[in-house]
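Q: Please take a close look at one helix in this structure. I would like to know what covers its buried residues, and then how the rest of the chain is built.

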Amino acid sequence: MKDYSYVFNAHPSFIDEMYKKYISDANSVEEGWRVFFEGFEFGNHNEDTQGQTASNGLSNGQASAAVTSELKNTSKEFGVLSIISGFRRRGHLLSTTNPIRQRRDRKAHLDLADHNLTDADLNKEFSAGVELGMPKSTLQEIIDRCREIYAGNIGFEYAHIENREKRTWLRQKIEQRQLDGSYGLGSDKKKRILEKLNGAVIFEKFLHTKYVGQKRFSLEGGESTIAALDAIINKGGEDKVEEVVIGMAHRGRLNVLANIMQKTYENIFNEFEGGAIPDQSFGDGDVKYHMGYSSQVETSSKKNIHLKLAPNPSHLEAVNPVVEGFSRAKADILYDSDYDKILPILIHGDAAIAGQGVVYETVQMSQLEGYYTGGTIHYVINNQIGFTTDFDDARSSTYCTAAASLVQAPVFHVNGDDPEAVVFACELATEYRQKFNNDVFIDMVCYRKHGHNEGDDPKFTQPEMYDFIKSHKNPREIYVEKLLSSGDIEKQIAEDLEKDFWSLLQERLDYVKEKDLPYSYQEPEKAWRTLKRTNDPKDITTPKTGIAKTKIEKILNHISKVPDGVNALSKVNRLLKNTKKLLDDNTLDWALAELMAYGSILIEEKDVRMSGQDVKRGTFSHRHAIFNDVKNFTEYNRLDGIADKQGKFRIFNSLLSEFAVLGFEYGYSLANPNTLVIWEAQFGDFYNGAQSMVDQFISAADSKWQRSSGLVMLLPHGYEGQGPEHSSARLERFLQMTAEWNLTIVNMTTPANLFHALRRQLAMNTRKPLIVMSPKSMLRHPKAISSKDEFVTGTHFHEVIDDASADAKKVDRLLFCTGKLYYDLLKAKEENKKDNVAIVRIEQLYPFPEDQVNTILKKYGKAEKFWVQEESANMGAWDYLMRYWRHTDIERISRKATASPATGFKKMHDQQQAALIKKAVGV
């Protein structure tokens with residue numbers, strides 16, 4: 001049996017009866033009970049490994065013998081053991097973690113009667129106290145110790161962890177800590193905590209006094225956060241941590257920027273004064289409490305740590321997967337995948353962590369191979385309110401940190417008015433993360449002094465809470481009183497610290513120049529700085545992206561063979577036969593062109609990373625980047641070993657998530673401009689589960705936060721009778737978002753153009769996200785092939801492809817289209833011998849190749865002109881094209897306007913498609 005929790009559910013009299021049976025005949029009880037009685041273990045009892053010393057200094061065997069020999073009343077002794085275990089499991093439900101109101105009764109079942117004990121037992125000595133290192137202690141002493149350990153200002157929630165080593169480690173750290181109220185913190189740490197509280201509290205007071213009514217989403221009520229983050233960074237620095245990446249929403253961001261990231265006060269004040277006018281030549285910027293920052297700070301142990309605070313929109317938890325992806329990229333690029341060297345910290349609000357699904361998705365991916373970052377510290381600033389909503393209306397779970405149970409992460413619930421408890425919890429969390437490389441949660445229960453923002457009146461919805469908050473002392477005042485009463489500091493020192501800090505802020509407000517911290521750029525950051533930032537596509541000409549014939553042959557030869565020792569599936573052998581036939585004809589299909597693009601990047605010693613649902617094989621079974629051995633079930637990566645020295649091809653089938661996975665890949669793309677990062681949707685419209693990620697980050701971040709990305713999104717698109725959810729990647733939405741060259745959007749028809757589009761991502765002297773309306777049936781269309789000559793040195797991406805078969809003098813009907821529809825139109829044209837029809841493909845919709853299209857319009861100047869699209873009239877590219885064709889005599893041919901992207905009936909689809917094609921070619 002995995003544990004003995006079933007013992008605690010048994011009545012003591014039943015346990016007593018079982019024990020008597022065991023004494024008379026050990027084999028008369030089942031194995032689980034026998035093991036329990038033999039070692040006197042159950043639940044969390046004596047989980048130290050055999051031979052280790054228990055908390056009382058006795059070995060397991062000695063402790064068991066000592067207890068067993070003195071059992072005079074088995075039922076009562078088991079009751080004491082049961083209540084000890086109960087405190088370990090449920091003591092957090094009694095912990096004094098709420099600084100502003102009484103905890104409600106969560107039914108911890110830790111009363112004496114729950115364990116077959118009474119008040120009459122309180123003064124009796126019980127041998128079971130050895131479990132806490134208290135042999136021959138009274139029940140009252142045992143319960144007092146349990147309350148002191150488990151029901152104080154920290155509630156330890158860890159019994160749900162199945163791994164014995166982790167539970168034992170945590171239990172020893174928790175139970176063997178100093179219990180004099182100091183948490184074992186020395187005077188130096190106490191002084192540092194006070195300094196951090198000074199900075200946090202007075203910074204907020206200063207802003208509140210000087211900038212009345214301005215939004216800043218203050219940290220007031222939760223200022224212990226600054227001491228907490230400082231403790232995490234310093235504790236991590238004592239170990240192997242060299243870089244910390246922080247993601248958080250707006251509450252407390254300015255305070256974190258000032259007191260953790262050490263952004264100069266002058267810069268922050270300038271933003272409030274309106275004197276900080278950013279360079280808007282590359283975008284519109286964003287409000288000050290959304291911006292990111294990078295710095296390099298020295299820890300208390302004199303170690304330099306790189307800090308990154310990721311920019312984040314008001315979509316609260318959206319930054320979570322971005323931070324994870326960025327951290328993973330840094331680990332891969334800089335730290336040789338040593339995750340102990342980079343530490344992600346996610347700062348949550350209580351309402352957001354409970355309510356936002358992306359939190360679940362991010363935690364769920366945390367232990368997966370493709371998304372592993374070595375564990376994240378989740379820090380919750382638990383204000384007990386979300387905007388105006390009380391937590392009773394915000395969640396069903398007991399705690400806002402319910403997501404922790406997904407990966408059996410420990411949760412430390414801690415009172416935000418006790419900064420020493422907060423620091424202890426943070427140091428313990430950091431140690432745990434570094435040792436076990438798992439997520440860990442810190443739930444700091446505090447309050448929000450003002451409304452949602454400083455101009456909001458919270459009494460409208462929370463009059464009782466805010467009557468109390470109004471007179472409640474801030475954490476610094478409470479801590480100063482504690483230090484004064486314990487004699488750790490003198491009153492004058494505390495007053496001087498506050499006075500000096502206030503004066504410093506005033507000096508900096510008065511424009512006393514302050515130097516930025518020295519900062520040394522990391523290699524990936526240097527690479528970004530070599531690129532050009534531009535919002536005008538005319539600044540960059542289409543680069544030549546073809547490669548030498550020798551490289552083409554090298555790559556194709558490699559990917560078209562199964563090496564010796566790999567036992568491929570029979571279908572793979574048939575696939576390779578088809579590949580050989582294509583190559584014998586000097587042609588490439590979509591899959592070959594895609595793999596060759598990746599191979600060509602790899603042999604240039606650059607990396608490629610790809611993830612999404614089923615990407616190894618490909619949703620439509622075309623890619624087969626990975627072969628599975630049918631005998632030993634190992635994977636063979638087709639793109640490994642092309643050259644002795646090449647980049648890494650990392651490809652991962654993702655969890656069934658769009659929001660978090662797309663956010664992760666976006667974050668990964670931010671870290672290094674020289675890695676091709678790709679996310680593929682199973683069907684194009686599935687990206688709409690990640691619409692916020694597209695809106696807030698991918699399409700707008702370059703303008704808002706000056707953060708460039710070369711992320712590629714492959715979105716299968718095309719009307720093929722598969723219904724409303726499998727037809728459209730919502731091209732119209734992406735086109736509507738375009739401006740200032742924030743995206744590149746393509747809907748290509750040739751494998752060669754796919755090859756060049758992918759290579760162009762790293763060949764350009766800038767980085768823009770690439771949105772690909774990628775094909776489905778066209779993956780195997782007999783005409784959707786490209787000659788090898790279209791890939792060689794000197795070739796490049798074609799934004800527009802003219803009709804090579806058309807005689808301009810004969811053409812009286814000019815059709816513009818994009819994507820898969822071209823092949824349907826071409827078939828109709830050829831079958832009906834329509835020499836008067838020219839079909840021109842616009843392969844790149846944005847940036848719109850206006851000059852090339854105008855050249856085409858002039859070439860076929862006398863022809864009737866039509867834009868043909870499969871999508872409904874209110875969807876697709878038509879409305880977007882009117883930006884450019886408002887004064888052009890051109891008509892639309894499409895399906896009628898509809899609410900749903902496509903019909904769900906194949907027969908109806910076929911009829912609509914046939915009618916559209918006939919109308920377009922004029923038959």
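A: In this predicted model, several elements cover the buried residues of helix H29. They include strands S23 (800–801), S24 (813–817), S25 (837–842) and S27 (864–872). Helix H30 (878–885) is also among them.

Helix H29 itself spans residues 850–859. Its buried residues are Val853, Ile856 and Leu857. Seen down the axis of H29, these fall within an arc of 100 degrees, so they line one face of the helix. An α-helix has 3.6 residues a turn, so residues three or four places apart point the same way. The other side of H29 carries exposed residues: Asp851, Thr855 and Lys858.

Now the wider chain. It has 923 residues, and 60% of them count as buried. Its secondary structure comes to 31 helices and 28 strands. Take the contacts with a separation of 6 or more: residues 24 or more positions apart account for 80% of them. The chain exposes about 37400 Å², with carbon and sulfur atoms supplying 47% of that area.

Next, the nonpolar interior. The largest nonpolar core holds 94 residues. Phe156, Leu170, Val244, Ile345, Tyr379 and Phe412 touch the most other members. Helix H15 (residues 419–436) gives the largest share of this core, 10 residues. A second, separate core has 76 residues, including Leu346, Tyr371, Tyr668 and Ile890. In soluble globular proteins, nonpolar side chains tend to be buried together.

Phe156 deserves its own list. Leaving out residues up to four places away in sequence, Phe156 touches Arg88, His92, Ile149, Tyr150, Ile174, Arg177, Val411, Phe412, Phe424 and Leu428.

Last, a sheet. It is open, has eight strands and shows mixed pairing. The order is S3-S11-S12-S8-S7-S4-S6-S5. Strands S3 (154–157) and S5 (293–298) stand at the edges, each with a single partner strand, so one side of each is left without a neighbour in the sheet. Neighbouring strands of this sheet are turned by 20 degrees against each other on average, direction ignored.

Within this sheet, S4 (residues 243–248) and S6 (residues 304–309) pair in the parallel sense over four bridges. Ile246 stands opposite Leu309 in S6. Helix H9 (residues 224–238) packs on the sheet. It touches S4, S6, S7 (342–349), S8 (377–382) and S12 (440–445). The direction of H9 makes about 170 degrees with that of S8.

Definitions and conventions
Residues numbered from 1 in each chain as written. Predicted model: local features only at pLDDT ≥ 70, side-chain atom pairs only at ≥ 80, totals over all residues. Heavy atoms only, no water. Buried < 20%, exposed > 50% of the residue type's maximum accessible area, 1.4 Å probe, protein only. Helix = DSSP H or I, 4+ residues; strand = E, 2+ residues; numbered from the N terminus. Arc of directions from axis to C-beta. Contact = heavy atoms within 4.5 Å. Core = buried A, V, L, I, M, F, W, Y, C linked by side-chain atoms within 4.5 Å. Areas by Shrake-Rupley, 256 points an atom, 1.4 Å probe, with all protein chains shown as cover. Pairing = 2+ DSSP bridges. Axes fitted to C-alpha atoms, helices over the stretch in contact; angles between N-to-C directions.
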